[in-house]
Structure formats: C-alpha cells, structure tokens
Amino acid sequence: MKLPSLYEFIENVSEIPTWSEIQEEIINTSWQEHLWPLSENKIDRGRYVFVPTKKTHRLFLEWIESQSQYSWPILTKVDAGSKIPAHAHPPESFDYLYNMSIIEPENCPFEIGGEEISYKSGDVYKLHIKNSHSVINNSDNDRVHVVIIPTIFARRNQNIWYRLMGVGV
C-alpha cells in the first residue's frame with residue numbers, strides 16, 4: 001500500500017481578480033483580540049487565529065464559497081520572530097487540510113515530516129497534518145496563512161476542527 005505524501009501543491013490563487021482585495025481584507029484583521037490559546041490559563045503571544053465572518057471578511061468568504069473543495073477557513077498569523085513548535089494533529093483530526101499563504105516572508109520555513117515547503121503568496125498546499133509540522137518565522141515580517149478544512153470532511157462535526165485549532169465556538 002502506497003502511503004500518502006506529506007504534502008501536495010494544489011494551486012496558486014494570486015491571479016484571481018480579487019486577490020489584492022482579499023489579501024488586504026485578511027491583512028487588516030484585528031489580530032490583537034485573537035491570541036492563540038494554548039490552554040485555559042495560557043496564551044501564546046506571537047500566534048493568532050481568527051474565524052472569519054461575512055461581516056469581517058466578505059470577499060474572502062465569497063471566494064471560499066465559490067470553491068467546491070474548501071470549507072471552514074481559519075486565518076492564522078505568526079509574528080516576526082515567533083514560531084509554531086513541531087506538532088502533529090491527533091488521530092481524531094482530519095487526514096489532511098489545505099494551507100493557503102496570504103503573506104509569506106523570506107526566512108520563514110514551514111516543515112512537515114522533516115521536509116521544507118517553500119511557500120509563495122497565494123500558494124495552496126494539501127498537508128497531511130498527522131505528520132509533525134512546524135513554522136519558524138525568522139523574518140522581520142509577519143506570516144499570514146489560512147488553514148482550510150476540505151469540503152470532503154465538512155460532514156464531520158465542525159466543533160472538532162475548531163477545538164483542534166484552539167478556537168472557541
């Protein structure tokens with residue numbers, strides 16, 4: 001039996017007509033209110049998550065809804081000088097997810113299973129998240145990505161996804 005690859009390039013969306021407006025909409029997210037929760041009593045300064053709504057990210061969600069393979073996006077930001085330590089998602093999580101780069105600074109390696117992915121702005125990769133993966137932002141700029149659950153898994157309980165991402169619903 002052939003094992004799935006760690007990741008697969010899906011597409012680069014930076015050529016869609018509304019890309020610059022979508023980037024601007026996401027970049028202007030009010031990140032300070034959405035620090036990444038590590039536990040009930042601790043937060044991780046330098047890492048942020050945001051669940052977009054039609055009120056906060058109308059153009060982006062309209063685009064997501066027009067894509068049959070994408071559902072339930074979560075915006076993520078890693079500040080310059082911050083990191084997401086190596087981790088693997090638990091067995092009850094989805095087999096894979098999509099990860100789209102909005103802002104990808106240089107010197108910000110993303111690794112999965114010991115392999116580095118060189119993202120460019122607009123790149124979408126399919127990531128097998130049960131493999132260890134991490135980000136170290138060694139740049140002077142913030143890294144902004146969107147983590148997207150595949151529509152094929154949308155029939156599962158959405159709360160599982162948000163719980164795994166540490167986002168309250």
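What covers the buried residues of helix H2? The cover includes helix H1 (19-27), strand S4 (70-78), strand S6 (97-103) and strand S11 (143-150), with contact meaning heavy atoms within 4.5 Å. Helices (H or I, at least four residues) and strands (E, at least two) are DSSP runs, numbered from the N terminus.

A word on the model: it is predicted, so local features need pLDDT of at least 70 and side-chain atom pairs count only at pLDDT 80 or more, while totals for chains, interfaces and linings use all residues. Residues are numbered from 1 along each chain as its sequence is written, and side-chain values use heavy atoms, with hydrogens and water left out.

In H2 (residues 58-65), Phe60, Leu61, Trp63 and Ile64 are buried, that is, under 20% relative accessible area (exposed is over 50%, partly exposed in between; 1.4 Å probe, protein chains only). These residues lie on the same side of H2 because they cover an arc of only 155 degrees around the axis, taken from the directions from the helix axis to the C-beta atoms.

Now to the rings. Rings of Phe, Tyr and Trp (its six-membered ring) pair if their centres lie within 6.5 Å; planes under 30 degrees apart are stacked, over 60 edge-to-face and the rest tilted. The count comes to eight aromatic pairs, including these two:

| Pair | Centres | Planes | Type |
|---|---|---|---|
| Tyr7 and Tyr125 | 5.9 Å | 70 degrees | edge-to-face |
| Trp63 and Tyr70 | 5.8 Å | 40 degrees | tilted |

Tyr7 lies in strand S1 (residues 7-12) and Tyr125 in strand S9 (residues 123-127), so their pair ties together parts 118 residues apart in sequence. Tyr7 is partly exposed at 25%, whereas Tyr125 is buried at 10%.
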